[in-house]
Amino acid sequence: MNKNDLTRRQFIAAASAGSLATVTSGIIPAYGNLSRKVGKLAILGGKPVRTNKSWPSWPYWDNKVVDSVIKTTKSRIWCRIQSRSGTVPTLEKKFAQLIGAKFCVATGSGTQALHTCVEALGIGPGDEVITSPYTDPGTISSILTARALPVLADLDTESYQLDPDDVEKKITENTRAIMPVHMMGQPCNMARIMEIAKKHNLKVIEDAAQAHLAEYKGKKLGTIGDLGCFSFQSSKTIACGEGGAITGNDEELMDKCYTVHNHGTSRRGLTEVAGPKYRMNEFEAAVLLGQWDGIEERFERRNENAAHLTYRLKDVPGIVPQKLYEGTASGSFYLYSMTYQKEHFNNADRSKFFKAVAAEGVSLSPYIVKGLHKEPWIEHILASKVYQKMYSAKRLRQYREQIDCPNCDKVCREMAMIWASGPLLGSRSDMDDIADAIEKVYENRDKLNSI
Ligand SMILES: *Cc1c(COP(=O)(O)O)cnc(C)c1O
């Protein structure tokens with residue numbers, strides 16, 4: 001860890017703890033261009049904060065990525081079982097090493113990685129897995145595909161992460177695992193979640209699909225629970241189109257993951273269990289290996305930019321950057337997110353805030369508009385023969401009654417975010433544009449209801 005790195009880590013820890021006293025001593029200059037912030041709103045005919053500038057685009061590629069794909073094409077090694085030194089086995093070694101796990105199994109997507117873990121842990125019909133309603137559908141898909149019951153616990157409204165207290169309340173005699181989701185790429189409260197898992201003898205599958213390289217209490221995410229899962233889908237902070245990975249330290253369990261993901265066929269060549277075919281292909285791994293050299297640099301850059309944005313935004317009334325838990329050393333910043341409190345903006349609806357900021361040249365949006373507890377899959381499983389056979393009528397009735405997640409609803413209403421995989425690779429002045437645009441809208445909040 002170099003000196004700058006340490007400074008940044010301290011900075012994030014301080015910023016998230018709400019105290020900047022230790023780090024304001026000249027490391028990050030107080031910044032703000034007043035004239036840009038008090039002018040007329042662009043949506044009302046004023047000059048936009050940002051014009052004719054593009055954000056770093058995503059997914060990332062350069063000639064090394066292209067060469068890597070060409071090399072795989074010409075090698076005729078297109079499938080992982082053709083060679084032990086192909087791109088997929090190489091990627092598995094390198095990814096395990098990068099995040100400090102002993103083993104890695106690559107898959108065709110993050111959803112496939114999660115489902116493989118659920119199956120490998122022997123979780124199926126009759127079993128329950130507790131997870132978040134505020135996540136990608138792939139999270140619950142992995143539980144539903146195993147015909148287990150996804151039990152949704154509510155959120156901590158400041159971090160947008162699973163609330164450990166509610167997780168504990170949702171445990172029943174059939175609960176087998178917790179699937180914490182590291183939302184936006186930042187760590188959830190793993191100390192509490194691991195404690196609860198231990199107390200109730202539950203497995204922990206970390207959904208780190210957004211959280212590559214993020215670090216919490218000295219460990220990278222995806223190495224804290226029994227198993228960790230990642231996604232390399234196009235939008236994620238390490239991307240190859242579609243792809244995923246499972247990480248873990250238990251050799252036997254990771255071998256089981258390999259067997260499950262390989263249509264039930266083990267490394268010994270015997271078809272031993274029921275399993276889908278979820279192998280990553282060699283082209284996907286070629287795209288990932290081609291961008292390997294810059295991965296840590298891009299991660300560092302997003303962290304530095306996020307720290308600067310938080311520093312700029314944390315004193316804007318009504319804008320509250322995502323809370324980071326104590327022990328967070330770094331985040332992946334798949335999204336940079338904040339809570340918009342309309343009472344500080346003349347009660348203007350979030351949509352008006354978004355419109356005004358967009359006119360200034362900065363794109364903010366909601367992420368998940370409606371929590372998974374409000375999607376139609378619930379009625380579908382409650383009416384399905386499989387679920388009616390595997391779960392008692394009483395449990396299914398109780399399931400429907402307990403489906404509310406009011407904190408998640410609040411987060412869906414109030415959260416504002418920037419897609420960060422590309423944009424957070426921008427310059428310091430790009431970050432200042434984001435903050436200036438938001439501050440300018442705040443300064444003009446009395447006009448927001450007229451737009
Ligand atoms: C993207 C994502 C997934 C699913 O990964 P895919 O590769 O798209 O299947 C699961 N969970 C979370 C939190 C995600 O962001």
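Which of the 14 residues around the ligand come nearest? They are Gly110, Thr111, Asp207, Ser231 and Lys236. Keep in mind as you look around that this is a predicted model.

Let us stay with the ligand for a moment and look at some polar side chains. Threonine 111, one of those nearest residues, places a polar side-chain atom 2.5 Å from an oxygen atom of the ligand. Glutamine 210 also faces a ligand oxygen, with an N or O atom of its side chain 2.8 Å away. At threonine 139 the partner is a nitrogen atom of the ligand, which lies 3.3 Å from an N or O atom in that side chain.

Now step back to the whole chain. The domain assignment splits the protein into two parts: domain 2 covers 63-292, while domain 1 is put together from 3-58, 294-368 and 411-450. If you mark the C-alpha centre of each domain, the two points are 30 Å apart. Where the domains touch, domain 1 contributes 32 residues to the contact and domain 2 contributes 35.

How much area do domain 1 and domain 2 bury between them? The figure is about 2,800 Å², and carbon and sulfur atoms account for 56% of it. On the domain 1 side, three residues are worth finding in your viewer: Ile295, Tyr325 and Tyr334 supply 25% of the area that this domain buries against domain 2, more than any other three residues.

Polar links cross this interface too. Between the two domains, 29 residue pairs are in polar contact. On the side of domain 1 that touches domain 2, at least two residues each come from helix H11 (295-313), strand S11 (328-330), strand S12 (335-340) and helix H16 (406-414). H11 gives the most, with five residues. Sorted by class, this side of domain 1 has 16 nonpolar, 10 polar and six charged residues.

Charge pairing is the next thing to trace. Side chains of opposite charge can pair when their charged atoms come close. The structure holds 26 salt bridges, and the count between domain 1 and domain 2 is one. Lysine 323 and aspartate 156 form a salt bridge, with their closest N and O atoms 3.0 Å apart.

Another salt bridge joins lysine 53 to aspartate 433, where the closest N and O atoms are 2.9 Å apart. This pair links distant parts of the chain, 380 residues apart: lysine 53 sits in the loop between helix H2 (34-38) and helix H3 (63-75), and aspartate 433 belongs to helix H17 (residues 428-443).

That loop between H2 and H3 deserves a second look, for proline 59 lies there as well. The peptide bond leading from tryptophan 58 into proline 59 is cis, with omega near 0 degrees.

One more backbone detail rounds off the tour. Which residue has a positive phi although it is not a glycine? Tyrosine 160 does, at about 65 degrees, and you will find tyrosine 160 in the loop between strand S3 (149-152) and helix H7 (164-169).

Notes: Residues numbered from 1 in each chain as written. Predicted model: local features only at pLDDT ≥ 70, side-chain atom pairs only at ≥ 80, totals over all residues. Heavy atoms only, no water. Domains from an automatic or database assignment. Contact = heavy atoms within 4.5 Å. Buried area = accessible area lost by both parts, 1.4 Å probe. Salt bridge = Lys/Arg side-chain N within 4 Å of Asp/Glu carboxyl O. Polar contact = N/O pair within 3.5 Å; in protein donor to acceptor, adjacent residues only side chain to side chain. Helix = DSSP H or I, 4+ residues; strand = E, 2+ residues; numbered from the N terminus. Nonpolar A, V, L, I, M, F, W, Y, C, P; charged D, E, K, R; others polar. Near = heavy atom within 4 Å.
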